[in-house]
Amino acid sequence: MINKEDETAKVENKTTVTDNKIKLDSKIPKGPLAEKWSSYKAHQKLVNPANKRRLDIIVVGTGLAGASAAASLGELGFNVLNFCIQDSPRRAHSIAAQGGINAAKNYQNDGDSVYRLFYDTIKGGDYRAREANVYRLAEVSNNIIDQCVAQGVPFAREYGGLLDNRSFGGAQVSRTFYARGQTGQQLLLGAYSALSRAINKKQVKLYTRYEMVDLVIIDGRARGIIARNLVTGKLERFAAHAVVIASGGYGNTFFLSTNAMTSNGSAAWQCYKKGAYFANPCMAQIHPTCIPVHGEFQSKLTLMSESLRNDGRIWVPKKIEDARAIREGKLRPTEIKEEDRDYYLERRYPAFGNLVPRDVASRAAKERCDAGYGVGTTGLAVYLDFADAIKRLGKDVVEARYGNLFQMYEKIVDDNPYETPMMIYPAIHYTMGGIWVDYELMTSIPGLFAIGEANFSDHGANRLGASALMQGLADGYFVLPYTIQSYLADQITVPRFSTDSPEFAKAEKDIDARMERLMNIKGKHSVDHFHKKLGHIMWDLVGMGREAEGLKKAIEELKVLKKEFWANVRIPGEKSSLNVELDKALRLADFIEIGELMAHDALDREESCGGHFRLEHQTEEGEALRHDDKFSYVSCWEYQGEDKAPVMYKEPLDYEFIVRQQRNYKS
Amino acid sequence: MDKNINIKVRVWRQKGPKVKGNFETYELKDISQGSSFLEMMDILNEQLINEGKDPVVFDHDCREGICGMCSLYINGFPHGPDEDVTTCQLHMRKFNDGDTITVEPWRSAGFPIIRDLMVDRTAFDKIIQAGGYVSVNTGGVPDGNAIPIPKYAADEAMDAAACIGCGACVATCKNGSAMLFVSAKVSQLALLPQGKAERAKRAKAMVAKMDELGFGNCTNTGACEQECPKNISISHIARLNREFLKAKFKD
């Protein structure tokens with residue numbers, strides 16, 4: 001291992017960085033970019049139907065990735081055990097995705113192609129994703145639309161009966177398919193219906209209100225999980241030939257995010273602690289259009305779909321005194337004359353205007369608010385105005401496109417967006433980082449796979465709008481069902497496992513001891529009290545603008561917080577019973593550690609790229625400044641033990657097919 | 001303008017499915033009317049934890065009105081007194097200073113109580129598993145534009161598909177009927193060409209499962225439509241009845 005002498009090394013509890021490439025085989029197939037996936041499929045190992053029945057697969061999660069994978073694997077004939085943290089798979093947070101799903105159908109004849117979707121996604125991710133993975137994603141995108149239509153997903157249609165499209169950020173074509181403002185809901189219900197059918201056919205066994213709390217490894221391979229039954233509080237053991245993690249992202253590390261209340265990083269974190277590499281943890285997406293924070297008691301943030309930027313125009317007052325008057329309630333936005341408004345995205349990025357990618361739009365909003373032009377009572381908000389769209393299209397058309405979003409906004413804010421501009425502000429929305437996987441979506445632990453938001457693979461440093469749904473379903477329907485067979489083909493002679501083995505017993509004992517320890521603290525403060533503190537540290541120091549000093553401070557503060565949490569948390573109730581506070585405490589213990597790793601990773605990456613913005617590294621115009629010579633790699637962190645600094649390996653991103661450029665959305 | 005209010009909440013507490021429950025009343029001070037109803041419940045729980053008591057158990061997840069996990073009967077209405085919202089979207093500005101707010105779980109034979117305000121709605125999953133889908137495997141399907149679907153049909157299917165499976169329709173129905181829920185799925189798939197092949201089988205299987213799981217019959221009171229947070233129309237029940245009858249006549 002080669003130690004890298006740099007800023008990171010000077011931090012106490014220093015992290016080690018190595019260039020050891022041997023440990024990281026991304027298994028990218030050889031050959032031209034456009035032929036890699038077909039060539040892989042043509043030559044991969046498969047499992048014959050009789051053997052599939054003898055192989056068990058655990059799928060943790062029932063969102064777009066988990067449900068589509070469980071259903072597809074079940075249909076193929078594998079014996080699938082599917083775990084759901086909510087009371088029904090239909091509640092998974094994929095349901096809340098609003099805007100749409102990208103696909104390279106080129107139904108609009110506007111110049112789209114698989115290559116263009118690939119290129120936009122790589123560029124949107126600020127050249128920090130793997131070429132081969134992203135190309136495959138673009139390739140299978142079209143199959144997803146066909147699959148969903150066949151399931152009865154009611155996508156929006158033109159009068160002639162054909163599918164309609166809208167535009168999304170970071171693209172110059174209209175390739176986004178949608179079902180009103182609730183595309184995620186309809187796609188998830190499609191996957192849920194396929195899963196329900198597989199359950200009815202006994203191809204999948206579903207466990208609802210169960211949470212994975214540990215991964216069980218036998219002889220170096222993932223062989224099962226320990227799950228907690230959230231109704232009884234009891235720990236249960238499940239064995240399988242392979243384990244698939246589809247548990248989503250870790251955005252709730254920030255406490256306030258657009259994620260659902262139970263969305264958590266614990267399943268992924270247990271895999272990390274058992275040896276799976278965690279890749280690019282600092283890559284978190286801040287979504288530009290969320291309803292602003294209104295007070296200390298706020299429990300979560302609500303997203304307003306990116307699709308609103310198709311017709312809404314973002315602005316703040318041009319004069320600082322107008323902004324002040326608005327904050328003091330002396331002026332209303334509608335009273336500000338056209339020439340006194342600063343449509344700052346249209347001003348700064350003429351080519352893409354209001355449809356710049358999310359990271360760019362978020363930073364631009366922060367820049368205006370930091371400069372004193374923010375609106376709302378807190379000054380941490382900008383306007384998203386539909387007056388022009390209503391004038392141009394009529395209220396009916398705007399209502400047909402965005403009615404449910406406008407209603408949602410009005411219920412929360414008590415203001416009518418048809419008459420007064422909406423107020424929006426950036427919020428944590430998605431994590432591009434996640435468990436490291438190779439081309440086959442297998443992690444660094446044999447037999448352990450990660451799909452959807454839980455893995456790191458396709459979005460680089462920034463995800464484009466309408467691409468999360470695409471990736472989740474691509475992984476679940478069209479990638480994993482192939483690639484998992486390459487691993488399972490070698491497992492056909494392995495008999496079913498007993499859960500009585502010492503490995504299962506130890507895993508269960510460890511998690512039981514952890515729960516016991518939490519229950520016995522009997523401290524002064526609730527779990528939420530600590531989670532809010534974590535959120536403040538993360539948002540202030542590991543949020544939209546990061547710098548070395550702040551990140552070091554964050555690492556120190558997180559250590560203190562971790563100590564405080566383990567000394568002073570109060571969990572009422574009993575350990576082996578329904579206990580919501582204990583559920584939350586287990587997740588928070590992991591979130592604090594995830595926060596620490598995010599800060600370490602952000603400190604190591606001395607460049608700005610996509611959602612990771614280091615204040616020290618920006619162009620004169622305030623745009624993200626990458627350093628391709630030094631940081632064209634995926635950072636892959638390996639756990640070394642409690643209170644030991646993690647080790648980082650680099651997976652180089654050697655671009656064979658495209659030339660990296662400074663991202664330009666101006667011309 | 002939002003202000004702070006003092007309220008009392010009368011909450012149903014019940015240790016388990018077979019245990020007798022009762023109302024407990026708690027006082028809450030300085031609740032901002034800008035906070036959501038569930039944020040008020042969070043504040044109540046924080047208060048209970050600080051007092052060394054057990055927090056109130058209730059279901060919730062996305063907190064933006066789409067996952068269908070939150071429930072709650074508030075002052076006699078499922079999802080509370082506001083129109084077209086789920087409980088998580090209900091805000092405290094709908095209440096006044098000094099109000100006593102009564103909070104109960106969904107009460108219906110089909111949804112047994114787990115604890116406090118949390119109920120078991122797996123019956124809904126079982127109904128969907130009985131036939132609420134199009135039988136297609138992954139792969140091998142035609143191009144998305146191969147079959148044009150008239151816009152009005154796609155739109156009406158979408159109206160039905162907007163159901164979030166929260167169960168307010170069952171909770172508010174004096175018969176404890178799940179007809180609105182079942183009809184939304186049957187109607188969505190009957191309207192689309194992809195769902196037509198199995199329409200008869202689907203309607204029969206889903207209705208049979210609904211009956212088997214202890215949901216009551218429909219007597220057209222219309223309460224479900226009134227209380228549905230997603231405005232699912234009872235015209236879908238009419239379509240379900242037609243689908244069901246046509247299927248039965250064929251038998």
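**Entry 1: the contact between the chains**

I looked first at the contact between chain A and chain B, in what is a predicted model. Chain A brings 65 residues to this contact, and chain B brings 66 residues. I then asked which helices of chain A supply at least two residues each to the side that touches chain B. They are helix H4 (64-76), helix H6 (131-151), helix H7 (183-200), helix H13 (395-413), helix H14 (468-488) and helix H18 (580-604) of chain A. The most comes from H7(A), which gives nine residues to that side. I sorted the side of chain A that touches chain B by class and recorded 25 nonpolar, 25 polar and 15 charged residues.

**Entry 2: the domains of chain A**

I noted the division of chain A into domain 1 (35-286 + 430-488), domain 2 (287-429) and domain 3 (502-652). For domain 1 and domain 2 of chain A, I found the C-alpha centres 31 Å apart. Where these two domains of chain A touch, 26 residues of domain 1 are in contact with 26 residues of domain 2. On the domain 1 side, strand E12 (residues 284-290) of chain A gives the most, with three residues. By class, I recorded nine nonpolar, 15 polar and two charged residues on that side of domain 1 of chain A.

**Entry 3: a sheet in chain A**

I followed E12(A) into an open sheet of five strands, whose order in chain A is E12-E16-E15-E13-E14 with antiparallel pairing. Which strands stand at the edges? They are E12 and strand E14 (341-342) of chain A; each has a single partner strand, so one side of each is left without a neighbour in the sheet. I checked the pairing of E14(A) with strand E13 (residues 313-317) of chain A and found two bridges in the antiparallel sense. Opposite Val316(A) stands Asp342(A), in E14(A). I also noted helix H11 (residues 358-370) of chain A, which lies across E12, E13, strand E15 (382-385) and strand E16 (422-431) of chain A. H11(A) runs at about 65° to E12(A).

**Entry 4: two helices of chain B**

I turned to helix H7 (residues 199-212) and helix H9 (residues 235-250) of chain B, whose axes come within 8 Å and cross at roughly 105°. H7(B) and H9(B) are therefore roughly perpendicular to each other. From H7(B), I listed Arg199(B), Ala200(B), Ala203(B), Lys204(B) and Val207(B) in the contact. From H9(B), I listed Leu240(B), Glu243(B), Phe244(B), Lys246(B), Ala247(B) and Lys250(B). By class, the contact of H7(B) with H9(B) has six nonpolar, no polar and five charged residues.

Key: Residues numbered from 1 in each chain as written. Chains lettered and ligands numbered in written order. Predicted model: local features only at pLDDT ≥ 70, side-chain atom pairs only at ≥ 80, totals over all residues. Contact = placed C-beta atoms within 7 Å. Helix = DSSP H or I, 4+ residues; strand = E, 2+ residues; numbered from the N terminus. Nonpolar A, V, L, I, M, F, W, Y, C, P; charged D, E, K, R; others polar. Domains from an automatic or database assignment. Pairing = 2+ DSSP bridges. Axes fitted to C-alpha atoms, helices over the stretch in contact; angles between N-to-C directions. Parallel < 35°, antiparallel > 145°, perpendicular 65-115°, else oblique.
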